[in-house]
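Got the viewer open? Let's take a walk through this one, stop by stop, with something to select at each.

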Amino acid sequence: MTIVTRRPRNAYRSGTYSGTTPWNPSVDIVERDEGFTLTFDLPGINREDIGLHVKEGILTVKGDRPAPEASGEKHYTHYERPAGEFERSFRIPDHVDAGNIEAAYENGVLALTLPRKAEAQPRTITIK
């Protein structure tokens, strides 16, 4: 699995939060005989604000984490959590069955399962 694009992480800043910039959520990629699992940390993002699509062998995960709002007496003196839009893209190997990718989202963690095509999975051959 190849990461296609990587946007720079949002720079941490102190002082009043002044806007949003592109950022990259952390992702773990695990390869097994059955295929790949991609696990993204997306705390504070609603399921509806995450977009997934596959086009021409590229899997793209997009989303948006809203910036905190200062209101009334609330004034940020330090803010390190990134906010704003993100986009991560991955080139899917030919042996992955892109039509059967599954996604699950729970407690701020997005898990994608990318199964291998049946003909690409290892199999045991019986000796006669």
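Start by colouring by accessibility: buried residues account for 29% of the 128 residues in this protein. Keep in mind that you're looking at a predicted model. With the surface switched on, the protein exposes about 8600 Å², and 46% of that comes from carbon and sulfur atoms.

Now switch to cartoon. How many helices and strands does the protein have? Zero helices and 10 strands, so reading from the N terminus you get β-β-β-β-β-β-β-β-β-β. If you pull up a contact map, look away from the diagonal: of the contacts with a separation of 6 or more, 58% are between residues 24 or more positions apart.

**Stop one: the salt bridge**

Select Glu31 and Arg116 and show their side chains. Searching the whole structure turns up one salt bridge, and this is the pair: the closest N and O atoms of Glu31 and Arg116 are 2.7 Å apart. The two partners come from distant parts of the chain, with Glu31 in strand β3 (residues 27-32) and Arg116 in the segment after β10, 85 residues apart. As background, side chains of opposite charge can pair when their charged atoms come close. Is Arg116 buried or exposed? Arg116 has a relative accessible area of 12%, which puts it under the 20% cut-off, so it counts as buried.

**Stop two: a pair of loops with positive phi**

Next, select Glu56. You'll find this residue in the loop between β5 (50-55) and β6 (58-65). Check the backbone torsions: Glu56 isn't a glycine, yet its phi is positive, at about 50 degrees. Glu56 is also exposed, with a relative accessible area of 73%.

Then jump to Asn107, in the loop between β9 (102-106) and β10 (109-115). Asn107 is another residue other than glycine with a positive phi, here near 55 degrees. What about its cover? Asn107 has 74% relative accessibility, over the 50% cut-off, so it counts as exposed.

**Stop three: Glu87**

Last selection: Glu87, which sits in strand β8 (residues 84-91). Is Glu87 buried, exposed or partly exposed? At 22% relative accessibility, Glu87 falls between the 20% and 50% cut-offs, so partly exposed is the label. Before you close the session, add Leu52 to the selection and draw a distance between the C-alpha atoms: Glu87 and Leu52 are 35 residues apart along the chain, and their C-alpha atoms are separated by 9.8 Å.

Notes:
Residues numbered from 1 in each chain as written. Predicted model: local features only at pLDDT ≥ 70, side-chain atom pairs only at ≥ 80, totals over all residues. Heavy atoms only, no water. Helix = DSSP H or I, 4+ residues; strand = E, 2+ residues; numbered from the N terminus. Buried < 20%, exposed > 50% of the residue type's maximum accessible area, 1.4 Å probe, protein only. Contact = heavy atoms within 4.5 Å. Areas by Shrake-Rupley, 256 points an atom, 1.4 Å probe, with all protein chains shown as cover. Salt bridge = Lys/Arg side-chain N within 4 Å of Asp/Glu carboxyl O.
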